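User: I'm new to this structure and would like a close look at one part of it, the surroundings of the ligand. Could you walk me through that part and then show me how it fits into the rest of the chain?

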Amino acid sequence: MYRINNFNPGPAALPLEVLNQAQDKFIEYRKGISIMEMSHRSKDVEQLFEETQQIMLGLLGLNSDYQVLFMSGGASMQFAMVPMNLMSPKRNGSYILSGSFSEKAYKEAQTIGNAKIVASSQSQNWSILPAVSDLNVDPDAAYIHITTNNTIEGSQFRDFPSTSSVPLIGDMTSDLLSRKLEFNKFSMFYASAQKNLGPAGATVVVIHEDLLKECVNTIPAILNYRTYAQNKSLYNTPPVHSIYMMKLVLDWVNRQGGIAEIEKMNVQKANLLYDVIDSSGGYYKGIIEMPFRSMMNITWQMMDEKLEKLFIQESELHGFDGLAGHRSVGGLRASAYNAVPYQACKDLAEFMIDFQKRKG
Ligand code: PLP
């Protein structure tokens, strides 16, 4: 079957195996009924949720001190829910700014209460990451928020604040399940599904029970993390089909050998492209400084916009999709999430070399 080489930043590529499995079960999940037609109060759905939560914790190497919650509203809703649940007049939300999405999270928090910037690389136009090992954080802060991978700019944190007293919260939307992290250093992290977890619709929140206890009672139930925890993410009607797809994706990750094996492959995939960029004699220029480069979103520029446009046009004719950089950054971006095959990255690397030979 013909498949486009899908480098879209999200919604993004899904494993073909998973799409096939979903197709097989599309009409009949159980005899005579599709999962999309079932009550979210049914045994099947309850079981699906429990299994998906357990597989997620297993992949992350976390124990039952953490709860996996499913919600809608994307990571953008988490930008609002985090401060609504945790901030108070005496306890600020501390933000590390490293790219556009972290800035969005911070701005949303400002509408709720006292949001503070504790590190930022905005003045470097996000081309580096701010140092986070030694932050000046108020010991009474409600949390520190970090965006582990900056999808738009193409940078990724490898070091994290050591915040024994202040809970660390991560927006992992664009790199959850792509690499091993010390997940237990985080009190909470979240990701919308449409990069590495499945189709858009569901958002995953992984939260430690100690942080759950800190959630305020003065907000609407639908926005309170405790509501989701106490009702097994079934307080209202959840995006069941998106969560079903997520379960198939998580099973696929396990079949690949778990996060460690996925990470090895992701490093190889990204390096194929960075190697072309670095050996092009400046024809392709990485947007992010080397130590901060993302393994998920590989970004680069070319001599001028005209050449970049031509590159995109030709890449589309060769079966590559989604390589235009974000409108706020320009240039090119290849998003090589878990489901993007090694071969797709190899083909793109070869296309880049060939393009330079022909037009350089
Ligand atoms: N945070 C990051 C790091 C993202 O990459 C995105 C989307 O691409 C978001 C937040 C926003 O996610 P959503 O559109 O699901 O609200």
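Analyst: Happy to. Please keep in mind from the start that this is a predicted model.

Let's begin with the shell itself. Around the ligand you will find Gly10, Gly74, Ala75, Ser76, Phe101, Thr147, Thr151, Asp171, Thr173, Ser174 and Ser192. Sorted by class, the shell holds 2 nonpolar, 8 polar and 1 charged residues. Which element gives the most to this shell? That is helix H3, running over residues 74–86, with 3 residues.

Two members of the shell are good places to pause. Serine 76 sits in helix H3. Is serine 76 buried, exposed or partly exposed? A residue is called buried at 20 or more other C-beta atoms within 10 Å and exposed at 12 or fewer; serine 76 has 15, so it is partly exposed. Phenylalanine 101 belongs to helix H4, residues 100–112. With 21 C-beta neighbours inside 10 Å, phenylalanine 101 counts as buried. Setting aside neighbours within four places in sequence, phenylalanine 101 is in contact with Thr147, Asn150, Thr151, Ile152 and Asp171. Among the residues around the ligand are Thr147, Thr151 and Asp171, so you can follow these names from one list to the other.

Next, the database record. An unreviewed UniProt entry gives the annotation "binding site" to Ala75, Ser76, Phe101, Thr151, Asp171, Gln194, Asn236 and Thr237. These positions span 163 residues in sequence, and their farthest two C-alpha atoms are 30.2 Å apart, so they do not all gather at one spot. The unreviewed UniProt entry also places a "binding site" feature at Arg41. Where is arginine 41 found? Look in the loop between helix H1 (16–24) and helix H2 (43–60). Arginine 41 is exposed, having 9 other C-beta atoms within 10 Å.

Now let's step back to the whole chain. According to the unreviewed UniProt entry, residues 4–336 carry the feature "domain: Aminotransferase class V". The C-alpha atoms at the two ends of that span lie 13 Å apart, and the span is 35% helix and 17% strand.

A separate domain assignment divides the protein chain into domain 1 (16–255) and domain 2 (258–359). Taken over C-alpha atoms, the centres of domain 1 and domain 2 are 27 Å apart. How many residues of each domain are in contact with the other? The count is 23 residues of domain 1 and 23 residues of domain 2. On the side of domain 1 that touches domain 2, at least two residues each come from strand E6 (149–150), strand E7 (155–156) and helix H7 (240–255). By class, that side of domain 1 has 6 nonpolar, 12 polar and 5 charged residues.

One last stop is a small piece of sheet. Strands E11, E12 and E14 form an open sheet of 3 strands in the order E11-E12-E14, with antiparallel pairing. Strand E11 (285–286) and strand E14 (332–335) are the edge strands, each pairing on one side only. Strand E12, residues 297–301, pairs with E14 over 4 bridges in the antiparallel sense. For a single example to find in the view, threonine 299 has arginine 333 in E14 as its bridge partner.

Notes: Residues are numbered from 1 along each chain as its sequence is written. This is a predicted model: local features need pLDDT of at least 70, side-chain atom pairs count only at pLDDT 80 or more; totals for chains, interfaces and linings use all residues. UniProt positions are given in the numbering used here, feature names are shortened, and annotations may be inferred rather than shown by experiment. A residue is near a molecule or strand if its C-beta atom, placed from the backbone, lies within 6 Å of it. Ala, Val, Leu, Ile, Met, Phe, Trp, Tyr, Cys and Pro count as nonpolar, Asp, Glu, Lys and Arg as charged, and the others, Gly among them, as polar. Two strands pair if DSSP finds at least two bridges between them. Domain bounds come from an automatic or database domain assignment. Two residues are in contact if their C-beta atoms, placed from the backbone, lie within 7 Å.
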